[in-house]
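Here's a quick briefing to read alongside the structure. Take a look at it, then follow the notes below.

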Amino acid sequence: MIHKILIANRGEIAIRIIRACREMGIETVAVYSEADKTALHAQLADQAVCIGPAPAKDSYLNMEQIISATMITGADAIHPGFGFLSENSRFAELCEACNITFIGPDSRTIENLGNKAHARKTMMDAGVPVIPGSEEAVTELPRGMEIAKEIGYPVIIKAVLGGGGKGMRVAYSENEFEHEFLTAQKEASQAFGDSRMYLEHYIENPKHIEFQILADQHGNIIHLGERDCSIQRNHQKMIEEAPSTAVDEKLRKEMGNVAVRAAKAAGYTNAGTIEFLLEDNRKYYFMEMNTRIQVEHTVTEWVTGIDLIKEQIRIADGQPLSYTQEQVKIEGHAIECRINAEDPFQNFRPCPGTITDMYLPGGKGIRIDSAIYSGYTISPYYDSMMAKLIVWAKTRNEAIKKMHSALGEVIIEGVTTNIDFLYEMMERKDYQKGNIKISYMDQVLKEMQED
């Protein structure tokens, strides 16, 4: 049985994991950078270890320091959370070599699914619908132009080892291709140290639908329904909800079965997410698989009643799933808003600083996942997300009203936030009607500029 878990992360996800471990009777170890000495996760864990200076590369991405902290404190497992080292196959491999349980899939699975070209081929072999695109990685411009012509414009150019929207560009014509390909390649090389690209036909204005799956070490795999993550900017999600207005029970069952088939094809274990693009004609295509817990896992937890962090830990401990597919029921509607220290009216510029006063809402159907407090300093070194506000209600319309009300109560002083922007989003008629595609935010931002 896992008895002590080191959390290789920070912020709200670290606290989320600490709370789950407390309820399971498992001790926790927090790691923190010099900038996070007073961070809440470092105070709430049973033990805390400083692992380096403020820059992430010297602390939260420092594999050797994290492994050393695990061994020194006697932790027998590591939970990577999301971001940082959560999808780093080398880190998972180091854990395996040191006989430390990595709470996630094994290193080979992470490597195979992190390589988008390999993941694509795996899905094609399993009969999972994929977007027409290159079957191999592309490094040379002339070959890229040949493939783009075969696929048909517009095409999207993606880094093989990419993520977070980096190394990703769209070319609408042959005239645009050279510039976009070389720009994406340069971004990929700088961000990931890998200049290999792959190409896909660009599906214009679909919905971004993802399915949460759980897979244990005994061959059991289930899905927990879908999340709609179509409200995003520069491929960064802003508002997520479950279930999707575009997915009825028949389509949910079909796409869920495909998600399970995809996980089986990859030999997957633990929690993961299969991401799809969904067109108006109900055709859908595999986009990628995230081999970690997602920021937006909260909305799935609320509509299913399943604690995903606890399931992750049980799976890593070798236990079978706590639920069968037949036991999974989708009830009500949940929405999550990401509250960030950023200025939406200055191109969402990050706004670090010290919180001088704050008030967060509560009540029935309202959940806050956060690591902030009055006097806490938002660091310029890390992601600008301060909190996640999640609501649940019986219907989507009620959930929107509840979110609108809750956002209206939030007070965070001392730093600029996106709260007013999110509040106004809840008032938009097109959002309320569910008329949302992945290009929706482009329309909203254009209207903001015109105003």
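Let's start with a pair of charged side chains: Lys 310 forms a salt bridge with Glu 23, and their closest N and O atoms sit 2.6 Å apart. That contact links distant parts of the chain, with Lys 310 in helix H11 and Glu 23 in helix H1, 287 residues apart. Keep in mind that this is a predicted model. In total, the structure holds 34 salt bridges, and it holds zero disulfides.

**Salt bridges involving helix H1**

- The two partners in the opening pair differ in their surroundings: Lys 310 is buried, at a relative accessible area of 15%, while Glu 23 counts as exposed at 58% relative accessibility.
- Arg 16 and Asp 307 also meet in a salt bridge through their side chains, at 2.9 Å from N to O.
- Where do these two residues lie? Arg 16 is in helix H1, which covers residues 11–24, and Asp 307 is in the loop between helix H10 (297–304) and helix H11 (308–316).
- Arg 16 and Asp 307 are 291 residues apart in sequence, so their salt bridge ties together parts of the chain separated by that stretch.
- Arg 16 is buried, with 9% relative accessible area, whereas Asp 307 is partly exposed at 21%.

**A salt bridge on strand S11, and a wider network**

- Glu 296 forms a salt bridge with Lys 237, and the closest N and O atoms of that pair are 2.8 Å apart.
- Lys 237 belongs to strand S11 (residues 236–242), and Glu 296 lies in the loop between strand S13 (284–290) and H10, so the bridge ties together parts that are 59 residues apart in sequence.
- Are these two partners buried or exposed? Glu 296 counts as buried at 1% relative accessibility, and Lys 237 is buried too, with a relative accessible area of 14%.
- The pair doesn't stand alone: Glu 296 and Lys 237 are part of a network of salt bridges that also links Glu 210, Arg 227, Glu 240, Glu 275 and Arg 338.

**Cysteines without a partner**

- With zero disulfides in the structure, what about Cys 229? Cys 229 is in no disulfide, and the nearest cysteine sulfur, that of Cys 337, is 12 Å away.
- A disulfide needs two cysteine sulfur atoms within 2.5 Å, so at 12 Å from the nearest cysteine sulfur, Cys 229 is in no disulfide.
- Likewise, Cys 337 is in no disulfide, and its nearest cysteine sulfur is that of Cys 229, 12 Å away.
- Both residues are tucked out of reach of the probe: Cys 229 counts as buried at 0% relative accessibility, and Cys 337 is buried with a relative accessible area of 0%.

**A negative patch on the surface**

- Which residues gather in a patch of negative charge on the surface? They are Glu 93, Glu 96, Asp 106 and Glu 111.
- One of them, Glu 111, lies in helix H5, which spans residues 107–114.

**A buried glycine**

- Gly 81 has its place in the loop between strand S4 (77–79) and helix H4 (89–97).
- At 2% relative accessibility, Gly 81 counts as buried.
- Gly 81 and Ile 13 are 68 residues apart along the chain, yet their C-alpha atoms are separated by 6.2 Å.

Conventions. Residues numbered from 1 in each chain as written. Predicted model: local features only at pLDDT ≥ 70, side-chain atom pairs only at ≥ 80, totals over all residues. Heavy atoms only, no water. Buried < 20%, exposed > 50% of the residue type's maximum accessible area, 1.4 Å probe, protein only. Salt bridge = Lys/Arg side-chain N within 4 Å of Asp/Glu carboxyl O. Helix = DSSP H or I, 4+ residues; strand = E, 2+ residues; numbered from the N terminus. Patch = residues over 30% accessible without salt bridge, like charges linked within 9 Å, V, L, I, M, F, W, Y side chains within 5 Å. Areas by Shrake-Rupley, 256 points an atom, 1.4 Å probe, with all protein chains shown as cover. Lys, Arg positive; Asp, Glu negative; His and termini not counted. Charge placed at Lys NZ, Arg CZ, Asp CG, Glu CD.
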